[in-house]
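Work through the exercises below with the sequence and the coordinates open. Try each task before reading its solution.

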Amino acid sequence: MTQTALTEKALSLLKTLISIQSFSSEEDKTADAIGNWLRDFDIPFERVHNNIIAKNKHWQDDRPTLLLNSHHDTVKPNKAYTKDPFHPHIEDGKLYGLGSNDAGGALVSLLATFVHFYADENLGHNILMVASMEEENAGPNSLRGLLPKLPSIAVAIVGEPTLMQLAIAEKGLVVFDGTVKGTPSHAAHPNTDNSIYNTISVLEWFKNYRFEKSSEALGDVKMTVTQINAGTQHNVVPAQVNLVIDVRVNDAYTNQEMANLLKAEAPCELQERGLKLNSSKIDKDHPLVRSGLALGRTTYGSPTLSDQAALSCQSLKLGPGDSTRSHSADEYIYVDEITEGIDLYIQILKGFLQQ
């Protein structure tokens, strides 16, 4: 099959995926569609929950394994949509629809790339293709839950929209619940320990705090207060104010180090929700990165989170589409981005697998 024909089949699959509701944990029908697509190429696969797993034809257990991974679940469409999120259609070269950019374009491009190399006999790595579920909500059946059932992975490409530039690092995430306390009272009486007023200086602390360690690839840690909640009625000063703090962690800190640091220094009580979403990276001189650089790609550090956080191996985030379109209203991807994405994936893997 020519690369042009393979690209057309990938585009057709993407249209099918867009037309099927596939919110996190509800991906059974998109899993069916991906499985049927692989059957059309006579490629066997395994299904674990709504994860689709396939191996290259000439798999050898003594070879290292390259993972190709992207997800087929989506967030729910926001209220600002003006187009039907489940109606795939092309306008001015843009394919519109929920999940088109995040991460359907990357997924179908990786699937096409997997098909391209599927029957090759002289590859330096095995290729393991995983179309995964529950990425958007980091669910228990997502890639993280699937990994113990997979072969050992030496290196991975995680398909997310990066404009086909090389995201060689990705920030981790720790979410904290904060509590600012005070003295509850009737609003009519004096109170010098009002929890809401106490929160003003706490918010200023979070706004102005600067972390000591920066990163060449990921820059500074980004800390943002994203939620605040207090009070139940107009005439009662509440006993406490509850905050939520989103911390995007660079590779100069582990998530545990970040939790220890902030819990020791913050002027309020803090409790982390979890520490599993660590930062990720791949060496800039890794052969996979060098292959991309040789094709004129550039490297950068990504501020957004993906299934890379589940991986302990070195991993590269790479895919067609633009991250700024993800989770936006009237989501789209350019058809030309998918064409380019498949071509670049193939060229990068040729430089890596056939050396």
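The exercises start with the whole chain and end with one helix. The model is predicted.

**Exercise 1. Overall build**

Find how many helices and strands the protein has, and compare its radius of gyration with the globule rule.

Solution.
- Count the elements: the protein has 8 helices and 18 strands.
- Take the radius of gyration, which is 23 Å. The globule rule gives 20 Å for 355 residues. The two values are close, so the protein is as compact as a globular protein of that length.
- Fit a box along the principal axes: the C-alpha atoms fill roughly 80 × 45 × 35 Å.

**Exercise 2. Burial, contacts and charge**

Work out what share of the residues is buried and how far apart in sequence the contacts reach.

Solution.
- Apply the cut-off of under 20% relative accessible area. Of the 355 residues, 52% count as buried.
- Take the contacts with a separation of 6 or more: 80% of them join residues 24 or more positions apart.
- Turn to the surface. About 16,000 Å² is accessible, and carbon and sulfur atoms hold 48% of that.
- Add the charges: 31 side chains are positive and 44 negative, with the centres of the two sets 1 Å apart.

**Exercise 3. Helix α7**

Which residues of α7 are buried, and what do they pack against?

Solution.
- List the buried residues in α7 (residues 287-294): L288, V289, S291 and G292.
- Look down the axis. These buried residues fall within an arc of 155°, so they line one face of α7.
- Recall the helix repeat: 3.6 residues a turn, so residues three or four places apart point the same way.
- Trace the partners of the buried residues: β7 (155-158), β8 (166-170), β16 (299-302), β17 (314-317) and α8 (335-353).
- Check what follows α7: G296 has a positive phi, near 90°.

Notes
Residues are numbered from 1 along each chain as its sequence is written. This is a predicted model: local features need pLDDT of at least 70, side-chain atom pairs count only at pLDDT 80 or more; totals for chains, interfaces and linings use all residues. Side-chain values use heavy atoms; hydrogens and water are left out. Buried means under 20% relative accessible area, exposed over 50%, partly exposed in between (1.4 Å probe, protein chains only). Helices (H or I, at least four residues) and strands (E, at least two) are DSSP runs, numbered from the N terminus. The arc is that of the directions from the helix axis to the C-beta atoms. Contact means heavy atoms within 4.5 Å. The radius of gyration is taken over C-alpha atoms; the globule rule is 2.2 Å times the number of residues to the power 0.38. Accessible areas come from the Shrake-Rupley method with a 1.4 Å probe; for residues, only the protein chains shown count as cover. Lys and Arg count as positive and Asp and Glu as negative; His and the chain ends are not counted. The place of a charge is taken as NZ of Lys, CZ of Arg, CG of Asp or CD of Glu.
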